[in-house]
Amino acid sequence: MVYDGVLLGLIVGLLRGGWRQGLLRFSQIRLIAGWMFPFLLLVQFMIFYAQEKWAWLASINGYLFMGIYVVGLIFLWLNRQHKGFWLIFIGVLLNFIVMAVNGGRMPVSLSASEVLGPYYTDMLKSGSIISKHYMMDASTHLSLLGDIIPLSKPYPRTQVISIGDVVMNFGMFLFIQSVMVVHKKKDNQQGTKPHHA
């Protein structure tokens, strides 16, 4: 998920750019249709929780997630002038493609998911996981783009991610650094320029 890139970007940005100035610059981020990002996250959380109560919602969640990805791609395209956004766009697009060719769900490698423990792998095998994920098998298309990368200790969060997730997180990290650090350098350069009468 993109949260890792955001968190790491914030920590490094604050260390490099200074706590007060870093937070100030982060709060001044202006994006076209900036409301889309938190709105899409909220919709995803609502689907995750509601699909356990309503079977009809679980049956169409793949189409709903595809819709979320399309809107997200539009948002990223509108803001492509920002540093890192092209990488975020590519990462989201890679995840969108592999989900689109697999019925709207993200294939997960069973061997990679072993880092999540037997409870998760048992659910993955039985197909009882009600979400946008399913166990990768012989019928999976573009399996290389699925969740095939296991992360565990010493990484702080145990998870299984895709190549698209890696690209997306790197792009988000670069974007936050450009906001919290690069601008500060530019300001310093401007402040040292000689003034002419």
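Helices and strands here are DSSP runs, numbered from the N terminus. The model is predicted.

**Figure 1. Overview of the fold.** The protein holds seven helices and four strands. Read from the N terminus, the elements run α-α-α-α-α-β-α-β-β-β-α. The chain has 197 residues, and 40% of them count as buried. Take the contacts between residues at least 6 apart in sequence: 69% of these join residues at least 24 apart.

**Figure 2. Helix H1 against helix H2.** Helix H1 spans residues 3-17 and helix H2 spans residues 19-27. Their axes come within 7 Å and cross at roughly 130 degrees. An angle of this kind makes H1 oblique to H2, because it is not over the 145 degrees that roughly antiparallel requires. The crossing of the two helices is right-handed. On the H1 side, the contact uses Leu10, Leu14 and Gly17. On the H2 side, Trp19, Gln21, Gly22, Leu23 and Phe26 meet them. By class, the contact of H1 with H2 has five nonpolar and three polar residues, with no charged residues.

**Figure 3. Helix H3 against helix H4.** Helix H3 covers residues 36-50, and helix H4 covers residues 55-78. Their axes come within 11 Å and cross at roughly 170 degrees. H3 is therefore roughly antiparallel to H4. From H3, the contact residues are Met36, Phe37, Leu40, Val43, Gln44, Ile47, Phe48 and Ala50. From H4, they are Leu57, Asn61, Leu64, Phe65, Ile68, Val71, Gly72 and Phe75. This contact of H3 with H4 has 13 nonpolar and three polar residues, and no charged residues.

**Figure 4. Helix H4 against helix H5.** The axes of H4 and H5 come within 10 Å and cross at roughly 160 degrees. H4 is therefore roughly antiparallel to H5. The crossing of H4 and H5 is left-handed. H4 contributes Phe65, Met66, Tyr69, Val70, Leu73, Phe75, Leu76 and Trp77 to the contact. H5 contributes Phe85, Trp86, Ile88, Phe89, Val92, Leu93, Asn95, Phe96, Met99 and Ala100. The residues of the contact of H4 with H5 divide into 17 nonpolar and one polar, with no charged residues.

**Figure 5. The largest nonpolar core.** In soluble globular proteins, nonpolar side chains tend to be buried together. Here, the largest nonpolar core has 26 residues. Those with the most contacts inside this core are Leu76, Phe85, Ile88, Val92, Met99, Phe175 and Met180. At least two residues of the core come from each of H3, H4, helix H5 (85-100) and helix H7 (163-192). Apart from this core lies another, of five residues. Val108, Ala112, Tyr120 and Val160 are among them.

**Figure 6. Leu76 and Val92 within the core.** Leu76 is found in helix H4. Its relative accessibility is 7%, so Leu76 counts as buried. Outside its neighbours within four places in sequence, Leu76 is in contact with Phe85, Ile88, Phe89 and Val92. Leu31 is 45 residues from Leu76 in sequence, yet the two C-alpha atoms are 9.6 Å apart in space. Val92, again leaving aside neighbours within four places in sequence, is in contact with Tyr69, Leu73, Leu76 and Met168.

**Figure 7. A cis peptide bond before Pro154.** Most residues other than glycine have a negative phi, and most peptide bonds are trans. In this view, a cis peptide bond joins Lys153 and Pro154. Omega is about 10 degrees. Pro154 is found in the loop between strand S3 (149-151) and strand S4 (159-161).

**Figure 8. Positive phi at Ala33 and Leu142.** Ala33 lies in the loop between H2 and H3. The phi of Ala33 is near 55 degrees, a positive value in a residue other than glycine. Ala33 has a relative accessible area of 21%, so Ala33 is partly exposed. Leu142 lies in the loop between strand S2 (133-135) and S3. Leu142 is not a glycine, but has a positive phi of about 50 degrees. With 44% relative accessibility, Leu142 counts as partly exposed.

Notes:
Residues numbered from 1 in each chain as written. Predicted model: local features only at pLDDT ≥ 70, side-chain atom pairs only at ≥ 80, totals over all residues. Heavy atoms only, no water. Axes fitted to C-alpha atoms, helices over the stretch in contact; angles between N-to-C directions. Parallel < 35°, antiparallel > 145°, perpendicular 65-115°, else oblique. Contact = heavy atoms within 4.5 Å. Nonpolar A, V, L, I, M, F, W, Y, C, P; charged D, E, K, R; others polar. Core = buried A, V, L, I, M, F, W, Y, C linked by side-chain atoms within 4.5 Å. Buried < 20%, exposed > 50% of the residue type's maximum accessible area, 1.4 Å probe, protein only. Left-handed = near helix turned anticlockwise from the far one by under 90°.
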